Amino acid sequence: MKRQIPLVLVLIFGLFMVIQYFIPHESSEWIYEYLLDWITIIGVFALVLGIWSLFKVNYDKISQRKPDRGYSLVLLISLFATMFFGFFAKVDGSWGLHFSTADGLQSYMYRHAYEYIIRPIQSTIFSLLAFFIASAAYRAFRARNVLASLLLAAALIVMLRFNPYLGPLGDYISEAANWLLNVPNLAAKRAIVIGIGLGMVATALKVILGIERSYMGKG
Amino acid sequence: MQQLTLSVFQPGVLISLAVIGVGLALLLRWTLQGREVDRRVIFAFIFVSVATPVLFPITFEVKATPIAKALFEKIESLPEGTKVMISYDFDPAMAPEVLPMANAVVRHCFQKNHKLVFIAIWATGQSLLNQTLQQVVAVEFPEKQQGIDWCNLGYKAGNEGVMNVIVTNLKKMFPTDVNSTPLEQIEILEGIQSCRDFALIVSLGGGQPGPKEWILYVGDPGNVPIGAGTAAVSAPQLYAYYPKQLIGLLGGVKGAAEYEFELMQKYERFKSVDAPGIRMMGPQTLAHVVIIAFIMLGNVAYLRTRRKKGGAA
């Protein structure tokens, strides 16, 4: 029973989700929306579980005095401080619960944590990519064989299409780059997308029919 | 027709080319002598190539590509008062590329007197949306009133789940706007039941969920035109959906610059506003020149080594 009930539930809901897509009726849409509410509720539980897991892993690291426990301490302090300022805010001189309200979103600490911590950190990490791409391009983009040479030529043409220093030659490069993007790139991309789609259908069918059962864990 | 033009006789161009040219010539000499270029030297070059045009700005003329122009023309062709939804699905990492195009699209929509409904599917999008509201809407369009000309529904957690619901029922996911005003009391949302009631949805973002998910969960099932602005790294993935499922696409800084330039060409008032997309084309273009030069240097070094090995054999 422990294994059969989940399998039956997956079969019923899996088949329903497939069939409802082709039934444009109010009742079908109502059930579909009702099921989506369940996804949100389950998602909230998963979030709580995720926070608990994150807390436990890092708390254990600190309590067992493992190396790099300083990072865990910073993580836990940041986690709870952000949570606190997400729920509570000082409005009109007094602290109160302002979760997801206009006052809460505009509160000094919540806004400044975003503006002066999250924002510079994310921007810095993303901008470092330019340095690593340049270094990686120098070492990896080499004409070792025919295929590598083709890739190299395509990359150079697409990069040069943005370049105004080429003068009249830019027109031809731009045309060649557009052809590369619209013909070979599009053909390969569409093939990949269709391939992924078919793979997803096959996997979904395996799950619905109970052939693929790894989501239930061991036992 | 060339998409980018610039006059070479600008201090920024001449200084950048001189600094980078001399440096690269020295590196070519090193390479020919058989010395590998250290990665710190590459980092230094990228720093100089990005910093020089920031200190000595370079001005460009950018011509829009058909895929970017398609989005511009779509917004241009909508009748006055059309309701458009704009979704902020990005984070600060993508903001330098995506925020300029978001601001340009908002400017264009308000210039055409369209009604805008803002939402965010990413938690980080909400604050970036506030930035547009404070720096663009409040400053350049003070006459536009919240609730009548635009409304901010804020962020909703649930990723694709949110899209799946709002394609049939907007109120279910967004019962109130960001100020806790019930949707029924917001004038702009009169007659709006779901995403299907919008003439256009513009998704701005480059991750998941982003423009691709808007196409899959809202555009296709709801038969709503979707336009997109995305980070350069995500743009090639979205080409596959253009032109039927995606009416237009702005890709990276170049896409933002193209849209800003179209806006300036069409409307005189935007010639004096800040155009970060066009401004950032200078550092980006020069960084590309340096990367291309390093790829070539790498290949010179590789061919030299191969010839040496061949000769030894």
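This report describes a predicted model, with attention to two domains of chain A, the overall make-up of chain B and the setting of one residue, Val178(B).

## Domains of chain A

The domain assignment divides chain A into domain 1 (1-65), domain 2 (67-140) and domain 3 (146-219). Between domain 1 of chain A and domain 3 of chain A, the distance from one C-alpha centre to the other is 31 Å. Eight residues from domain 1 of chain A and eight residues from domain 3 of chain A take part in the contact.

## The interface of domains 1 and 3

About 730 Å² is buried between domain 1 of chain A and domain 3 of chain A, and carbon and sulfur atoms give 70% of this area. On the side of domain 1 of chain A, 70% of the area buried against domain 3 of chain A is supplied by Arg3(A), Leu7(A) and Val10(A), more than by any other three residues.

The rule finds zero salt bridges across the interface of domain 1 of chain A and domain 3 of chain A. Likewise, zero residue pairs are counted in polar contact between domain 1 of chain A and domain 3 of chain A, where both residues must be at pLDDT 80 or more. The residues of domain 1 of chain A that touch domain 3 of chain A comprise six nonpolar, one polar and one charged by class.

## Overall make-up of chain B

Chain B contains 11 helices and eight strands. The C-alpha trace of chain B spans about 80 × 45 × 35 Å along its principal axes.

Of the 313 residues in chain B, 58% are buried. When contacts in chain B between residues at least 6 apart in sequence are considered, 76% join residues at least 24 apart.

## The setting of Val178(B)

Val178(B) is placed in the loop between helix H7 (170-173) and strand S6 (200-205) of chain B. Val178(B) counts as buried because its relative accessibility is 14%, and the cut-off for a buried residue is under 20%.

With neighbours within four places in sequence left aside, Val178(B) is in contact with residues of both chains. From chain A these are Thr101(A), Ala102(A) and Leu105(A); from chain B they are Gln126(B), Asn152(B), Leu153(B) and Gly154(B). The C-alpha atoms of Val178(B) and Ile119(B) are 9.4 Å apart in space, while the two residues are 59 residues apart in sequence.

Notes
Residues are numbered from 1 along each chain as its sequence is written. Chains are lettered from A and ligands numbered from 1 in the order in which they are written. This is a predicted model: local features need pLDDT of at least 70, side-chain atom pairs count only at pLDDT 80 or more; totals for chains, interfaces and linings use all residues. Side-chain values use heavy atoms; hydrogens and water are left out. Domain bounds come from an automatic or database domain assignment. Contact means heavy atoms within 4.5 Å. Buried area is the accessible area (1.4 Å probe) that two parts lose on being put together, summed over both. A salt bridge is a side-chain nitrogen of Lys or Arg within 4 Å of a carboxyl oxygen of Asp or Glu. A polar contact is a pair of N or O atoms within 3.5 Å; within protein, one must be able to donate a hydrogen and the other to accept it, and residues adjacent in sequence count only if both atoms are side-chain atoms. Ala, Val, Leu, Ile, Met, Phe, Trp, Tyr, Cys and Pro count as nonpolar, Asp, Glu, Lys and Arg as charged, and the others, Gly among them, as polar. Helices (H or I, at least four residues) and strands (E, at least two) are DSSP runs, numbered from the N terminus. Buried means under 20% relative accessible area, exposed over 50%, partly exposed in between (1.4 Å probe, protein chains only).
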